[in-house]
Amino acid sequence: MTLIKRIAVALLAALSITFASFPALAVAGEWPTKPITLMVGFSAGGGADTLARLVAKALEEELGQPVVVDNKAGGGGVVMATLLQRAKADGYTIGFTSDSTFDGLPFIVRTAYKPDDFDYLVTVTELQNALVTGASAPFSNWREMLDYAREQGGLTFGSLSPITAKFAERIAAQENIEIRTVPVKGGRQVLTDVMGRHLDVGWSAGVHQAYLNDQGVKVLAALNDKRIATSPDAPSLKELGYDRSYTSYFMLAAPKGLPDDIRARLVEALRNAATSKDVADLTENKMKFPNVVLSPEELTRFIEKRSALNAQEFGQE
Amino acid sequence: MQEILNGLSEALTLTNVLFVILGVLIGQIFAAAPGVGSLIAITIAVPYTFYMSPVAALGFLIGINKGGTIGGAVSAILMNTPGSPEATATTFDGYPMTRQGQARRALRTAHFSSVTGDTLSDLVLIFVAAPLSVVAMKMGPPEMASVILVALVIIAGLVGSSMVKGLIAAFLGLLVSLIGMDSATAAERLTFGVPELMDGISITAAGIGVLALGEILRQIVYVETLPKLEPDEANSVKLGGRFTWKDFRTIFPTILRSTFIGTLIGAIPGIGSSAAGFLGYTAAKKASKTPERFGKGEIRGVAASEAANSSVVGANFIPLLSLGIPGNVAAAIILGAFLIHGITPGPQLFSEQPDLIYALFAVMLIGDLVNLITGLFTMGLFARVIRIPLSYIIPCVVVLCITGVIVADSLFNAWLLIGMATAGFFMRMLNFSFVTFIIGYVLGPMFEEAFGQTLIMANGDPLYLLQRPIACLFIGMAVLVLFALLRQHRRSRRTAVMAE
């Protein structure tokens with residue numbers, strides 16, 4: 001019996017440690033009076049997580065309160081967004097993910113949240129979406145790729161998500177070529193598969209930029225609205241004559257209904273954090289992602305537009 | 001040559017060496033505590049490395065990774081509770097050795113096997129990374145699917161005494177691994193609308209639950225039946241056995257075999273050290289003239305598992321450095337740290353920053369040496385744990401397991417952990433193989449992913465496989481192993497029947 005008692009005591013101790021680490025209840029006064037939780041839609045250790053941690057550090061300096069990073073990975077940010085939607089709109093819980101969590105996935109997966117359940121705050125970087133192939137592939141530009149596809153009876157395409165799959169399939173349909181979409185987990189795996197010529201082409205959200213060499217990958221087209229700085233010779237889809245593009249961002253959001261004064265304070269602090277030296281250096285110089293910081297209004301408009309587009313794209317089926 | 005010297009002088013500063021030592025010690029201690037593991041240590045450590053010089057940062061993280069290879073064996077050997085799936089095969093003979101009063105000898109075996117395996121695979125990395133990186137490039141989805149098939153078939157040899165129960169457990173493992181969002185279609189599987197389940201049952205919750213906490217629950221049930229130790233009696237419990245030069249000679253061929261297996265597995269991104277540990281163990285048992293001694297405290301069993309899972313650590317850097325592809329989660333996190341410091345691993349790294357590469361190699365070898373030396377002390381210290389009565393240890397382990405999962409995942413996953421531990425407990429009581437359960441859980445989803453991709457690539461044409469000779473080779477191997485296993489199983493059943 002004593003043993004069971006001991007386990008009970010040990011468990012109690014563990015639980016009290018756990019609860020003690022939760023922020024104390026809000027005290028009335030000037031926001032922020034207690035630590036802020038930044039939920040991150042990616043697992044610890046990757047590029048996106050690192051970026052979020054640097055933003056958290058800069059935000060901490062701006063607000064004078066600790067910013068606790070809490071990784072809630074899963075489902076392309078859906079887990080994080082679901083929890084964020086349920087959190088109190090008091091400025092003490094904010095979330096970091098990519099915009100597709102809000103403007104894409106709700107139309108594909110059954111999410112508990114809708115795009116207008118959040119206050120959109122700022123973006124930190126623009127992703128560098130591109131269609132890539134292995135350096136040893138027998139085609140080097142968009143036209144040659146289409147010819148190759150017609151000759152071979154189709155292409156295999158490494159896709160990162162249902163959204164990227166749908167995007168590629170629409171363009172393939174327009175060109176009347178067959179593509180076989182192979183779902184791949186993570187951008188790095190896509191690169192490995194195209195570098196080894198196991199897949200003809202693949203979608204990269206920017207990781208490919210470190211592999212632009214003769215044993216790595218080459219870019220066939222920029223999928224963002226404009227050309228990508230690291231591949232100035234690869235035309236964007238718009239230049240190639242398609243009425244499509246896929247620009248996307250790493251961004252921050254809060255539950256809907258932040259009080260106006262807190263919201264103003266938070267947006268200002270986040271803006272400063274997102275443009276801080278450390279964050280800019282990581283994005284521009286190390287990740288090679290432009291440090292694009294959209295305002296709440298610009299970001300909200302972007303998400304509304306993309307949501308409408310995706311609702312149309314995926315609603316038809 | 002100049003570059004090698006530059007690299008060496010860059011690595012051999014006092015700060016760097018101190019960070020490597022610190023990393024190794026942290027890795028050893030975190031990994032030795034059941035339920036915590038060196039991966040958690042690496043994840044926590046990454047943000048601190050932002051402020052270090054690149055070589056110090058990498059040395060620190062690599063040190064943790066290396067320390068983890070020997071620490072992981074401690075709780076497996078002393079308590080029968082592997083802190084992570086890769087040390088599972090270490091329990092097979094490590095724990096029986098502890099029961100026979102050979103705990104210290106088992107720990108030393110694990111220590112020397114791990115360090116030797118790790119060092120040899122580092123040397124392979126340093127001298128033949130470039131040719132071996134070809135292996136990673138040749139492994140497309142069809143090849144991955146067929147290699148995992150071979151691993152599954154070989155490991156099926158571990159199903160235990162009842163084939164049916166072993167298979168049921170394996171399928172339960174597969175079932176648990178299915179929970180979560182399917183990455184291809186974003187469809188939810190078995191989540192019952194719970195958002196926290198979208199990411200699936202994490203490896204921490206499943207691994208620690210079934211392997212460590214499940215075993216602890218079983219020991220709690222039996223603890224009352226164990227003879228009570230008086231305090232002074234406890235002090236006289238044998239730490240047991242000396243590890244002799246003769247022991248090292250006995251296990252050396254086993255270490256070499258396991259290192260070979262572990263290095264190959266490590267060079268292929270994505271398979272991981274758990275499979276290596278099991279494969280190394282199975283191979284050693286197959287090669288042994290006395291396979292019946294395995295599972296009863298055979299020193300070679302401990303060496304086989306530990307050398308194999310540790311050699312994966314060095315070899316994982318082969319695809320990481322030569323292609324920029326991380327081989328496992330730890331390597332992926334270390335890759336993140338590389339990027340923070342503005343280093344992009346890949347073929348160009350060797351030509352653009354040769355100093356850094358040689359500094360990195362130097363840091364790895366220093367890490368091996370530190371691991372060897374500090375391990376002499378720490379493993380001796382850890383061995384004393386068995387002098388503490390179980391009734392004191394068990395509550396500590398329970399707390400460590402639960403807090404470990406909360407730190408690594410979330411409070412929600414602590415409940416999952418308790419659920420998985422209960423499952424692990426009943427599997428032990430009812431004699432279902434928790435080993436096949438964990439293998440199904442770990443390798444099942446990898447196989448599913450690669451196989452699904454292969455089907456799409458083949459476009460419904462079975463003849464497509466003929467264009468992938470490497471995949472054909474592996475499938476052929478899987479079939480051969482399967483037949484060998486079936487024949488052996490039938491023979492052992494016959495002898496068992498005759499014995500009755």
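With Lys and Arg counted as positive and Asp and Glu as negative, His and the chain ends being left out, chain B of this predicted model carries 30 positive and 28 negative side chains. The centres of these two sets of charges lie 16 Å apart in chain B.

The secondary structure of chain B comprises 21 helices and two strands. The radius of gyration of chain B is 22 Å, close to the 23 Å given by the globule rule for 500 residues, and chain B is therefore as compact as a globular protein of that length. The C-alpha trace of chain B extends over about 70 × 65 × 50 Å along its principal axes. Of the 500 residues in chain B, 57% are buried, while the area that chain B exposes amounts to about 20,400 Å², with 69% of it supplied by carbon and sulfur atoms. Among the contacts in chain B with a separation of 6 or more, 80% are accounted for by residues 24 or more positions apart.

Over all chains, a search of the whole structure yields 22 salt bridges. One of them, in chain A, pairs A:R227 with A:E239, and the closest N and O atoms of this pair are 2.6 Å apart. Both residues belong to the loop between strand 9 (217-222) and strand 10 (249-255) of chain A, so the salt bridge ties together parts that are 12 residues apart in sequence. A:R227 is partly exposed, its relative accessible area being 39%, and A:E239 is likewise partly exposed, with a relative accessible area of 44%.

In chain B, a salt bridge joins the side chains of B:D118 and B:K66, with an N to O distance of 3.2 Å. This pair links distant parts of the chain, since B:D118 is located in helix 6 (residues 103-138) and B:K66 in helix 4 (residues 54-79), 52 residues apart. Both B:D118 and B:K66 are buried, that is, each has under 20% relative accessible area.

B:K66 also forms a salt bridge with B:D368, for which the closest N and O atoms are 3.1 Å apart. Because B:K66 lies in helix 4 and B:D368 in helix 17 (residues 354-383) of chain B, this pair ties together parts that are 302 residues apart in sequence. B:D368, like B:K66, is buried. The two salt bridges of B:K66 belong to a network of salt bridges that links B:K66, B:D118, B:D122 and B:D368.

Definitions and conventions: Residues numbered from 1 in each chain as written. Chains lettered and ligands numbered in written order. Heavy atoms only, no water. Helix = DSSP H or I, 4+ residues; strand = E, 2+ residues; numbered from the N terminus. Rg over C-alpha atoms; globule rule 2.2 N^0.38 Å. Buried < 20%, exposed > 50% of the residue type's maximum accessible area, 1.4 Å probe, protein only. Contact = heavy atoms within 4.5 Å. Areas by Shrake-Rupley, 256 points an atom, 1.4 Å probe, with all protein chains shown as cover. Charge placed at Lys NZ, Arg CZ, Asp CG, Glu CD. Salt bridge = Lys/Arg side-chain N within 4 Å of Asp/Glu carboxyl O.
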